[in-house]
Amino acid sequence: MSHPYVPRDLNLVDYAPNLLSPSTILAAYGLASLFVVSLIRVISGKVPKISKTDRWLMCWWAFTGLTHIILEGYFAFSPEFYKDKSGFYLAEVWKEYSKGDSRYAARDAGVVAVEGITAVLEGPASLLSVYRKIVQLYSSVCNFSWAALWHCCIFYDFLLGRR
């Protein structure tokens, strides 16, 4: 079967279309995120002398850390996610996400490197940030750096006429 990605001549042997709808993928992600934030909010409420702001920051760092580790980790270490025919949620996420940026399905070296580093370093650092302010600073700087690098790559591709 042909794939829905651009460029159309992208070679994805054995591509399998998504079994889950975009709304199902988004709803599952939203519910899982709500669960994580709620759990951290309840747990942090049991610790004395934590401000409301710090409790919300703990929720954010837990959410972002798990997102980096689970979602981006799966992408970085599952090079043939586009072949999945079982409807496995994480493969479905990346097949859908690749419709917006086919570099993911094409396994662009820069994308794989950034996502792999983010999953292995940024994710755990974010989870550590739930309790450590210094690691929060490191994690924030890394997040900014990767976002800047990401946007520079997109702009570079645009200038070269690849996008």
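Which residue forms a salt bridge with glutamate 80? In this predicted model, the partner is lysine 83, and the closest N and O atoms of the pair lie 3.1 Å apart. Lysine 83 is partly exposed, with a relative accessible area of 25%. That value falls in the intermediate class because buried requires under 20% and exposed over 50%.

The structure holds four salt bridges in total. Side chains of opposite charge can pair when their charged atoms come close. Another of the pairs joins glutamate 96 to lysine 99, again with 3.1 Å between the closest N and O atoms. Glutamate 96 counts as partly exposed, at 22% relative accessibility. Lysine 99 is also classed as partly exposed, at 42%. A further bridge links the side chains of aspartate 101 and arginine 103, at 2.9 Å from N to O. Here the setting is a buried one: aspartate 101 is buried, and arginine 103 is buried as well.

Helix α3 spans residues 89–97. Its buried residues are Leu90, Ala91, Glu92, Val93, Trp94 and Lys95. Charged residues thus appear in this list beside nonpolar ones, namely Glu92 and Lys95. The buried residues of α3 pack against two helices, α1 (22–45) and α2 (52–77).

The largest nonpolar core contains 18 residues. Within this core, Leu12, Phe81 and Trp94 touch the most other members. Both α2 and α3 supply at least two residues of the core. The largest share comes from α3, with four residues. A second core, separate from this one, has seven residues. Val36, Ile40, Cys59 and Trp61 are among them.

Leucine 12 also has contacts with residues more distant in sequence. With neighbours within four places in sequence left aside, leucine 12 is in contact with His3, Tyr5, Tyr82 and Ala105. Leucine 10 lies in the segment before α1. Its relative accessible area is 18%, so leucine 10 is buried. Residues up to four places away in sequence not being counted, leucine 10 touches His3, Tyr5, Ser102, Ala105 and Ala106. His3, Tyr5 and Ala105 therefore appear in the contact lists of both leucine 10 and leucine 12, where contact means heavy atoms within 4.5 Å. Leucine 34 follows leucine 10 by 24 residues along the chain, and the C-alpha atoms of the two are separated by 36 Å.

Rolling a probe the size of a water molecule over the atoms shows where empty space is left. The largest pocket has a volume of about 580 Å³. Its lining comprises 24 residues. Nearest the pocket centre lie Thr67, Glu72, Trp94, Tyr97 and Glu115. Trp94 thus takes part in the pocket lining and is also a member of the largest nonpolar core.

Five helices each supply at least two residues of the lining: α1, α2, α3, α4 (109–128) and α5 (133–159). The most comes from α2, with seven residues. By class, the lining has 15 nonpolar residues, six polar residues and three charged residues. Among the residues nearest the centre, Glu72 and Glu115 belong to the charged class.

Definitions and conventions:
Residues are numbered from 1 along each chain as its sequence is written. This is a predicted model: local features need pLDDT of at least 70, side-chain atom pairs count only at pLDDT 80 or more; totals for chains, interfaces and linings use all residues. Side-chain values use heavy atoms; hydrogens and water are left out. Buried means under 20% relative accessible area, exposed over 50%, partly exposed in between (1.4 Å probe, protein chains only). On a 1 Å grid over the protein atoms alone, a cavity is a set of points where a 1.4 Å probe fits but cannot get out, and a pocket is an open set with protein on both sides within 12 Å along at least five of seven lines; lining residues have an atom within 4 Å of a point. Grid points are joined across faces, edges and corners, and a volume is the space filled by probe spheres set on the points. A nonpolar core is a set of buried Ala, Val, Leu, Ile, Met, Phe, Trp, Tyr and Cys residues joined through side-chain atoms within 4.5 Å.
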